Amino acid sequence: MTRRFGDRAIFAVEVGEGISSELRVVDLWAAGKWLTTDDNVAFLPSFLRSLRSSAAQVRRRDVQACPYPERTPEEIFGLLKADETEFREQFWFMTWGETVDNVSRYAWLDDDLVIVFAFWRPTHPFPEDLGRVFVARIPPDAFATTLEEAADLLDAKVT
């Protein structure tokens, strides 16, 4: 049985069936888009560390402020993606392994945590999404709580 944390329209983690003691189906959603279209099997030892680390980072508000406050999120995504310096690395977000390596994603804080992303693989199962930038806005504590609750369930199933 799948258990959802959060809201698919904003940000959600769905914990599904266990495949083994170290592998579990996990689906991620942001802005109504299914992020884990290419690989929704999480390797729990590293995935759990990543979720907890991201939750703590956001809870501490240890996320950069908007890099270009005068621009739209879509424009900012384009500027960050085109930047070939270390500057853009400050905004890399949700570096959670293979489950999201089909998505280019950045984040920053204004009043909300703003996550901008785009699918880049030509084999993406929803071709109408290719070339589009999606934006999810979520209160930082709500994002952190979603990750913590999902991690707690995943961790309980491991031990």
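# Exercises on a Predicted Model

**Exercise 1. Determine which residues Trp96 is in contact with, leaving aside its neighbours within four places in sequence.**

Solution. Leaving aside neighbours within four places in sequence, Trp96 is in contact with Phe11, Leu28, Phe47, Ser50, Leu51, Ser54, Arg105, Phe143 and Leu147. The model is a predicted one, and these contacts are computed from its atoms; contact means heavy atoms within 4.5 Å.

**Exercise 2. Place Trp96 within the largest nonpolar core, and state which elements supply this core.**

Solution. Step 1: the largest nonpolar core holds 37 residues, and Trp96 belongs to the group that touches the most other members, together with Phe11, Leu113, Ile115 and Phe143.
Step 2: at least two residues of this core come from each of strand S2 (11-18), strand S3 (23-30), helix H1 (44-59), S6, S7, strand S8 (134-138) and helix H3 (140-158).
Step 3: H3 provides the largest share, seven residues.
Step 4: a separate core of 10 residues lies apart from this one, and includes Ile76, Tyr106, Val114 and Val116.

**Exercise 3. Describe where Asp112 lies, and decide whether Asp112 is buried, partly exposed or exposed.**

Solution. Step 1: Asp112 is found in the loop that lies between strand S6 (103-109) and strand S7 (113-119).
Step 2: the relative accessible area of Asp112 is 23%. Buried means under 20% and exposed means over 50%, so Asp112 is partly exposed.
Step 3: beyond its neighbours within four places in sequence, Asp112 is in contact with Arg137, Ile138, Pro139 and Pro140.
Step 4: for Pro139, 27 residues away along the chain, the C-alpha atom is separated from that of Asp112 by 4.6 Å.

**Exercise 4. List the order of the elements and assess how compact the chain is.**

Solution. Step 1: the chain contains three helices and eight strands. From the N terminus, the order is β-β-β-β-β-α-α-β-β-β-α.
Step 2: the radius of gyration is 15 Å, close to the 15 Å that the globule rule gives for 159 residues, so the chain is as compact as a globular protein of that length.
Step 3: along the principal axes, the C-alpha atoms fill a box of roughly 45 × 35 × 30 Å.

**Exercise 5. Summarise the burial, contacts, surface and charges of the chain.**

Solution. Step 1: of the 159 residues, 43% are buried.
Step 2: among contacts between residues at least 6 apart in sequence, 49% join residues at least 24 apart.
Step 3: the accessible surface is about 8,100 Å², and carbon and sulfur atoms account for 49% of this surface.
Step 4: the chain has 18 positive and 27 negative charges, whose mean positions are 3 Å apart.

How values were computed:
Residues are numbered from 1 along each chain as its sequence is written. This is a predicted model: local features need pLDDT of at least 70, side-chain atom pairs count only at pLDDT 80 or more; totals for chains, interfaces and linings use all residues. Side-chain values use heavy atoms; hydrogens and water are left out. Helices (H or I, at least four residues) and strands (E, at least two) are DSSP runs, numbered from the N terminus. The radius of gyration is taken over C-alpha atoms; the globule rule is 2.2 Å times the number of residues to the power 0.38. Buried means under 20% relative accessible area, exposed over 50%, partly exposed in between (1.4 Å probe, protein chains only). Accessible areas come from the Shrake-Rupley method with a 1.4 Å probe; for residues, only the protein chains shown count as cover. Lys and Arg count as positive and Asp and Glu as negative; His and the chain ends are not counted. The place of a charge is taken as NZ of Lys, CZ of Arg, CG of Asp or CD of Glu. A nonpolar core is a set of buried Ala, Val, Leu, Ile, Met, Phe, Trp, Tyr and Cys residues joined through side-chain atoms within 4.5 Å.
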